[in-house]
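Here is a short report on a two-chain model. It goes from single backbone features to the contact between the chains.

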Amino acid sequence: MAISRNNLLAAALIAPLFAVVVASFIVPLAVTLWTAIGNPEVRETLPRTTAALRGWNGEGLPSEAAFAAVAAELAQAHEAQAIGQLSRRLNFEEAGLRALLLKTARAKDRLSAPYRDALVALDPRWGETSLWQILARNTAALTPLYLLRSLDLSLTPDGKIVAAPADEAIFLALFARTFVISFWVTILCVLIGYPVAYTLSTLSTRWANIGMALVLVPFWTSILVRTTAWFILLQREGPVNALLLGLGVVDAPITMIFTRFAVYIAMVHVLLPFVVLPLYSVMKGINPAYLRAAASLGAPPWKRFIRVYLPLTMPGVAAGGLMVFMLAVGFYITPVLVGGPEDQMVSYFIAFFTNQTINWGMAAALACLLLAMTAILVVVARLIVPGFRLGGVSA
Amino acid sequence: MKTGNGLALTVRTFTAIVLVFLIAPIVVVFPLSLSSGELLTLPTPGYSLRWYDDFFTSSKWLLATRNSFIVGIATAILATFLGTLGALGIFLGRFRGKTFLVAMLATPMVVPVVVTAIALYFAFSFVGLNNTLTGLVLAHTVLSVPYVLITVLATLQTFDRNLLKAAATLGAPPPAAFRRVLLPLIAPGVATGALFAFATSFDELVVAIFIAGPQQFTLPRQMYAGLREFLSPTIASAAVLLIICSLLLLTANEYFRTRGKTRTLPDDPAEPN
């Protein structure tokens, strides 16, 4: 009885937090997944056409009823100003369909029965099976198209999965670029962070505190502020070029802003503390007796390092490195501000499709793939580093 | 580990260079913000407070400052309340799957912020929360509540349950035991959590890009807008003000951390983008 009362209290205490996380995080993620595979446009804008196409076997042309329905419903959608979404959606299936749909909608007064002949006379594409196959396919509630496109695949009108046309097949390269940038940032952070953490762990308390402050101050400073600093520093007329010119290292200002170099510099700057901090606490916890033992057994310094010190610090390397990689994969602001068009990562395209081309399906599909990538990394992290704490420096 | 002196010196020099690399960009912003010139160049032609004057007389920057504090404080209150109660529930309850529950409640920390941002944008578009301060507070609460939860849980792990039994034996009813025994002991953890929550909200940009309209612009959002339009030294003065806020928060955090004997230090409040 006491136990269940205890749990009742616990449930009451957890409930508000649980409700907020579900309502403002889990549900939105579900909405995103739904947006990536949902296909409401044809069903909602052309319900009678959808019904008329239900009996069609996908060969030749559909019945006169489908032609009549599509002519009437396109005109209605045009008047209700609902045609924009539909035509954008179908244009994504095949370029040029937006123009065809708008043209047909505007031709309402010139169209009369029999509609099959009238529509084909208006535009011969209405007489093509492939157009009707695309329409029929999109009467389904779900579509794999956005996810396929995110993987550089496409669908033929009759439903076969094929490689996407070259000018639209940009996403595998985008994921590869995201991966490569994150990989090198991680390697750089580990290679730079390791000796720094080591030195800090050997200093006297007073110096170590000063050193740690120099790591913690950037760590607590907002990423935008740090990126802004690099944005200013790396300008053509900026302080770094002024310094290089003043020292006579270069004769003319060099272009650093909007390059991959700038992205690496700023990302390493932002993420370096994420390896230094866990490595520092791991190194602090290493018993110096192990190294003394190795030394007394005759191991030279390099051997003591490779055989004793490095293995002991590996948990810190793995924890910090994985943390950096996971964060780097989702980077958005830094590449946008200091990188060029060729340096943008997946996040940029998620924002691009959401805010600029208003293709929510693509934005959601890319977000789902990015989420899947992160989930895999978390699983890997858990396997490699026992007790890997999400977002946490395991102290 | 004693290595050759030459190597040790090299490693120390390298460390010094890296530490300078870490701190230099932050330091350089200070003289730039005090420039009397129109351009962000060093050395500055002279020093003046004109860009701070510009900041404090611009309606955009003042609105952004106001929004940042409103959203930050509201987020800190909401996240601290929800996170502390949740942590207490998880601590007091005796049920299976606690690890899973904590992991689920902490997922906003590992999901790339841009994914959270677009998810909130889609979901808020159905309920009309885009372009509202309420929406921003909810979003920032979700991003920062895991820090509160984990900080308070870490503090609770050092809490001796026998103290509650002792309080009960001495006749304290549960609410009194909570207020007089438990709360004072976990207070440093709660305070740290509140600081993290405020700092997370105060520095957050990606979600603001998606769900805030011009009337809800926060300081980072206004800075970002400024960077993309025209690079004026006012941005440097805004950056300096943000750095000063971060330093105050860091100092307060170190104070609470050394006061409360929390064994673990959950990290960055500055949610990476």
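## Backbone features and chain contact

A:Pro114 sits in the loop that joins helix H6 (97-106) to helix H7 (115-122) of chain A. The peptide bond leading into this proline, from A:Ala113, is cis, with omega near -10°. Keep in mind that this is a predicted model. Most residues other than glycine have a negative phi, and most peptide bonds are trans.

Two residues of chain A go against the usual sign of phi. A:Gln81 is not a glycine, yet its phi is positive, about 55°. A:Phe258 also has a positive phi, near 65°, and is a residue other than glycine. Both are loop residues. A:Gln81 lies between helix H4 (64-79) and helix H5 (83-93) of chain A. A:Phe258 lies between helix H13 (239-246) and H14 of chain A.

How exposed are these two residues, and A:Trp184 and B:Val111? The table gives the place and the neighbour count of each.

| Residue | Place | Other C-beta atoms within 10 Å | Class |
|---|---|---|---|
| A:Gln81 | loop between H4 and H5 of chain A | 8 | exposed |
| A:Phe258 | loop between H13 and H14 of chain A | 19 | partly exposed |
| A:Trp184 | helix H10 of chain A | 16 | partly exposed |
| B:Val111 | loop between H4 and H5 of chain B | 23 | buried |

The cut-off for buried is 20 or more other C-beta atoms within 10 Å. A:Phe258 has 19, so it counts as partly exposed. B:Val111 has 23, so it counts as buried.

A:Trp184 belongs to helix H10 (residues 171-202) of chain A. Its C-alpha atom is 9.1 Å from that of A:Phe325, although 141 residues separate the two in sequence.

### Domains and helix H14 of chain A

Chain A is divided into domain 1 (40-141) and domain 2 (171-384). Their centres, taken over C-alpha atoms, are 52 Å apart.

Helix H14 of chain A covers residues 260-284, which is 25 residues. From first C-alpha to last it reaches 35 Å, close to the 36 Å expected at 1.5 Å a residue. The helix has a kink of about 40° at A:Leu271, shortly before the proline A:Pro273. Why is H14(A) described as largely enclosed by the rest of the structure? Because 20 of its 25 residues are buried.

H14(A) also matters to the count of the largest nonpolar core, which has 171 residues. The helix gives 17 residues, the largest share of this core. A:Leu271, the site of the kink, touches the most other core members together with B:Ile118. Another core lies apart from this one. The second core has 27 residues, among them A:Leu46, A:Leu53, A:Ala69 and A:Ala77.

### Chain B and its contact with chain A

Chain B has 11 helices and 0 strands. Its C-alpha atoms fill a box of roughly 70 × 65 × 30 Å along the principal axes. Of its 273 residues, 48% count as buried. Among its contacts with a separation of 6 or more, 77% join residues 24 or more positions apart.

How many residues of each chain are in contact with the other? Chain B gives 81 and chain A gives 84. On the side of chain B that touches chain A, eight elements are not equal contributors: H1(B) gives the most, with 13 residues. Helix H3 (59-92), helix H5 (113-127) and helix H11 (233-259) of chain B are also among the elements that give two or more. By class, this side has 63 nonpolar, 12 polar and 6 charged residues.

Two residues of chain B show the contact in detail. B:Ile118 touches several residues of chain A: A:Thr32, A:Ile350, A:Thr354, A:Ala363 and A:Ala367. Within chain B, this isoleucine touches B:Phe210. B:Val111 touches A:Leu371 and A:Thr374 across the interface, and B:Thr116 in its own chain. These lists leave out residues up to four places away in sequence. The C-alpha atoms of B:Val111 and B:Leu143 are 9.7 Å apart, with their positions 32 residues apart along the chain.

How values were computed
Residues numbered from 1 in each chain as written. Chains lettered and ligands numbered in written order. Predicted model: local features only at pLDDT ≥ 70, side-chain atom pairs only at ≥ 80, totals over all residues. Helix = DSSP H or I, 4+ residues; strand = E, 2+ residues; numbered from the N terminus. Expected span 1.5 Å × (residues − 1). Bend = angle between axes of the 7 residues up to and from the residue. Buried ≥ 20, exposed ≤ 12 C-beta atoms within 10 Å, placed from the backbone. Contact = placed C-beta atoms within 7 Å. Nonpolar A, V, L, I, M, F, W, Y, C, P; charged D, E, K, R; others polar. Domains from an automatic or database assignment. Core = buried A, V, L, I, M, F, W, Y, C linked by C-beta atoms within 7 Å.
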